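This report covers the fold order, the salt bridges, a loop contact and the helix ends of one protein chain. The sequence and structure come first.

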Amino acid sequence: MTEKRRAMPEKTTVEMRAEELPESLRALLPERPIPGTPYRVTIEPIEDREAKLAALRRDIDEGIADADAGRVVDGDVAFARLRARLGKRD
């Protein structure tokens, strides 16, 4: 790829007391939390469908441009290189 994309960060887990939870999270709980109750909260980024499709289209366009420019490797050669690198598995 010609441009580097930022990798999505890993998920993060934090522990906090009930009174530290944002109101938007407290509202999702089936009952109001008792103050002092510990909670473990995990947040992780999600990639929306449109962003994912746009990234895939960019990658496809880049691959087509590489092929059009002659930056290709014969399939048999590519697989031989992979087998040599990874060790042949039966």
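The elements of the protein follow the order β-α-β-α-α from the N terminus, which amounts to three helices and two strands. Helices (H or I, at least four residues) and strands (E, at least two) are DSSP runs, numbered from the N terminus. This is a predicted model, in which local features need pLDDT of at least 70, side-chain atom pairs count only at pLDDT 80 or more, and totals for chains, interfaces and linings use all residues. Residues are numbered from 1 along each chain as its sequence is written, and side-chain values use heavy atoms, with hydrogens and water left out.

**Surface and contacts**

The protein has 90 residues, of which 8% count as buried. Buried means under 20% relative accessible area, exposed over 50%, and partly exposed in between (1.4 Å probe, protein chains only). The accessible surface of the protein is about 8,400 Å², and carbon and sulfur atoms hold 55% of that area. Accessible areas come from the Shrake-Rupley method with a 1.4 Å probe; for residues, only the protein chains shown count as cover. Among the contacts in the protein with a separation of 6 or more, 48% join residues 24 or more positions apart. Contact here means heavy atoms within 4.5 Å.

**Salt bridges**

A salt bridge is a side-chain nitrogen of Lys or Arg within 4 Å of a carboxyl oxygen of Asp or Glu. The count by this rule is four salt bridges; the table gives three pairs, with the N to O distance for each.

| Acidic residue | Basic residue | N to O distance |
|---|---|---|
| Glu-23 | Arg-26 | 3.0 Å |
| Glu-23 | Arg-32 | 3.3 Å |
| Asp-66 | Arg-71 | 2.6 Å |

Glu-23, Arg-26 and Arg-32 are linked in a network of salt bridges. Glu-23 and Arg-26 lie three residues apart in helix 1 (residues 23-26), so about one helical turn separates them. Glu-23 is partly exposed at 39% relative accessibility, whereas Arg-32 is exposed at 53%. In the Asp-66 and Arg-71 pair, Asp-66 is partly exposed with a relative accessible area of 25%, and Arg-71 is exposed with 54%.

**The loop after strand 1**

Glu-19 sits in the loop between strand 1 (12-17) and helix 1, and is partly exposed at 47% relative accessibility. Which residues does Glu-19 contact, leaving aside its neighbours within four places in sequence? They are Arg-26, Pro-35 and Gly-36. Glu-19 and Gly-36 are 17 residues apart along the chain, with their C-alpha atoms separated by 6.8 Å. A polar atom of the Glu-19 side chain lies 2.7 Å from the backbone nitrogen of Gly-36. This is a polar contact, defined as a pair of N or O atoms within 3.5 Å; within protein, one must be able to donate a hydrogen and the other to accept it, and residues adjacent in sequence count only if both atoms are side-chain atoms.

**Helices 2 and 3**

The expected span of a helix is 1.5 Å times one less than its number of residues. Helix 2 (residues 49-68) has 20 residues and extends 28 Å from its first C-alpha to its last, close to the expected 28 Å. At the start of helix 2, a side-chain oxygen of Asp-48 comes within 3.2 Å of the backbone nitrogen of Glu-50. Just after helix 2, Gly-70 has a positive phi of about 85 degrees.

Helix 3 has twelve residues and should span 16 Å at 1.5 Å a residue, which agrees with the 16 Å between its end C-alpha atoms. At the start of helix 3, a side-chain oxygen of Asp-74 reaches to within 3.1 Å of the backbone nitrogen of Asp-76. Gly-87 follows helix 3 and has a positive phi, near 85 degrees.

Helix 3 is hardly covered, with a count of zero buried residues among its twelve. Leu-86 lies in helix 3 (residues 75-86) and is exposed, with a relative accessible area of 54%. Together with Phe-79 and Leu-82, Leu-86 forms a nonpolar patch on the surface, with about 310 Å² of accessible area in total. Patches are made of residues with over 30% relative accessible area and no salt bridge: like charges are joined within 9 Å, and nonpolar side chains (Val, Leu, Ile, Met, Phe, Trp, Tyr) within 5 Å.
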